[in-house]
Amino acid sequence: NAGTYESFNEQNDASFEFWFRADDTGAGAADQVIWETGGTGDGASLTIRNGDLAFIAKDGGNSLVASTPIPEGEFVHAVATYERDNPGNTDTLTLYLNGIQAAIDTETAVNDWSGGNGAAIAGANSQTGGSGNGFNLQAGFETFDGQIAINRFFENTTLTADEVQDLFNSVAAVPEPASIAVWGLLGLLGVGFARYRMRKKG
């Protein structure tokens, strides 16, 4: 079952980090919700959809969508960064996979990415945030089947490409995968969602 908690209620810059391994992303595998906040009006989510990893942020009729294929049966590092109104009123969503930029999208007026509905890890909290505008994340989506090792939220922060690479290297540099501190789903739910506030560089 999914671990649920209150909505983020955020409309500022943000970054989201995940280390996870899905049990099955091959042909015929179920679509899955890794993380979400909000609902069908305003919200955001990280899902596995048709074998691709997708981060979606939605504010009413406007959406930011970044997706990329992921390897099957491996731990992967995913970071999504959201930057509001830079330049002008353009919002930017960037998705990184294993330290490398994999996808980017821009749109205007995607400000309320969190919505008011509750959030969840490894599933949905009644609704999957970001659903709509051509992306139905409700029907056929299941709870996440696999392991989540790290899940961190960086508040008011758009991580740079170098900072994302450093986060990846800090774990990937461990010689033996078995020595990485990896929790299964139950372990993760016991630890909770780590929230960080980083000072912006100026």
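Reader: Which side chain of opposite charge is nearest to Asp 91, which is buried yet has no salt bridge?
Author: The model is a predicted one, and in it Asp 91 belongs to strand β8 (residues 90–97). A salt bridge requires a side-chain nitrogen of Lys or Arg within 4 Å of a carboxyl oxygen of Asp or Glu. For Asp 91 the nearest candidate is 5.0 Å away, and that side chain is Arg 84.

Reader: Which backbone nitrogen does the side chain of Asp 91 reach?
Author: Leaving out residues up to four places away in sequence, Asp 91 touches residues including Thr 108, Ala 109 and Val 110. From this group, the side chain of Asp 91 reaches a backbone nitrogen at 3.3 Å, that of Ala 109.

Reader: With which residue do the side chains of Arg 84 meet in a salt bridge?
Author: Side chains of opposite charge can pair when their charged atoms come close. Arg 84 is partly exposed, at a relative accessible area of 26%. Its salt bridge has an N to O distance of 3.3 Å, and the partner is Asp 85.

Reader: Is Asp 85 buried, partly exposed or exposed, and what is its relative accessibility?
Author: Asp 85 lies in the loop between β7 and β8. Buried means under 20% relative accessible area and exposed means over 50%. Asp 85 falls between these limits and therefore counts as partly exposed, at 34%.

Reader: What is the phi of Asp 85, a residue other than glycine?
Author: Most residues other than glycine have a negative phi. Asp 85 has a positive value instead, near 55 degrees.

Reader: Which residue is joined to Asn 86 by a cis peptide bond?
Author: Most peptide bonds are trans. The bond that follows Asn 86 is cis, with omega about 0 degrees. The partner lies in the loop between β7 (76–83) and β8, and it is Pro 87.

Reader: Which residue in the loop between β4 (42–49) and β5 (52–59) has its place there and a positive phi of about 55 degrees?
Author: The residue is not a glycine, although its phi is positive. It is exposed, with a relative accessible area of 63%. The residue is Asn 50.

Reader: How many salt bridges does the structure hold?
Author: One of them joins Arg 84 and Asp 85. Another is formed by Glu 17 with Arg 152. The total is 2.

Reader: How far apart are the closest N and O atoms of Glu 17 and Arg 152?
Author: Glu 17 is in strand β2 and Arg 152 in strand β12 (residues 146–155), so the two stand 135 residues apart along the chain. Glu 17 counts as buried because its relative accessibility is 0%. Its salt bridge with Arg 152 has its closest N and O atoms at 2.6 Å.

Reader: How many aromatic pairs does the structure hold, and what is the geometry of the one formed by Phe 8 and Trp 35?
Author: The structure holds 14 aromatic pairs. In the pair of Phe 8 and Trp 35, the centres are 5.8 Å apart and the planes lie at 75 degrees. Planes over 60 degrees apart count as edge-to-face, and the geometry of this pair is accordingly edge-to-face.

Reader: How many residues apart in sequence are the parts that Phe 8 and Trp 35 tie together?
Author: Phe 8 is buried at a relative accessible area of 7%, and Trp 35 is buried at 0%. Phe 8 lies in the loop between β1 and β2, whereas Trp 35 lies in strand β3 (residues 31–38), so the pair ties together parts whose separation in sequence is 27 residues.

Reader: Why is the pair of Trp 19 and Phe 168 classed as stacked?
Author: Both residues of the pair, Trp 19 and Phe 168, are buried. The ring centres of Trp 19 and Phe 168 are 5.7 Å apart. Planes under 30 degrees apart count as stacked; the pair is stacked because its planes lie at 10 degrees.

Reader: How far apart in space, C-alpha to C-alpha, are Gln 11 and Tyr 82?
Author: Gln 11 has its place in the loop between β1 (3–5) and β2 (14–22), and it is partly exposed at 37%. Beyond four places in sequence, its contacts are Arg 84, Asn 111, Asp 112 and Trp 113. Gln 11 and Tyr 82 are 71 residues apart in sequence, and their separation in space is 10.0 Å.

Notes. Residues numbered from 1 in each chain as written. Predicted model: local features only at pLDDT ≥ 70, side-chain atom pairs only at ≥ 80, totals over all residues. Heavy atoms only, no water. Helix = DSSP H or I, 4+ residues; strand = E, 2+ residues; numbered from the N terminus. Buried < 20%, exposed > 50% of the residue type's maximum accessible area, 1.4 Å probe, protein only. Contact = heavy atoms within 4.5 Å. Phe/Tyr/Trp six-rings, centres within 6.5 Å; stacked < 30°, edge-to-face > 60°. Lys, Arg positive; Asp, Glu negative; His and termini not counted. Polar contact = N/O pair within 3.5 Å; in protein donor to acceptor, adjacent residues only side chain to side chain.
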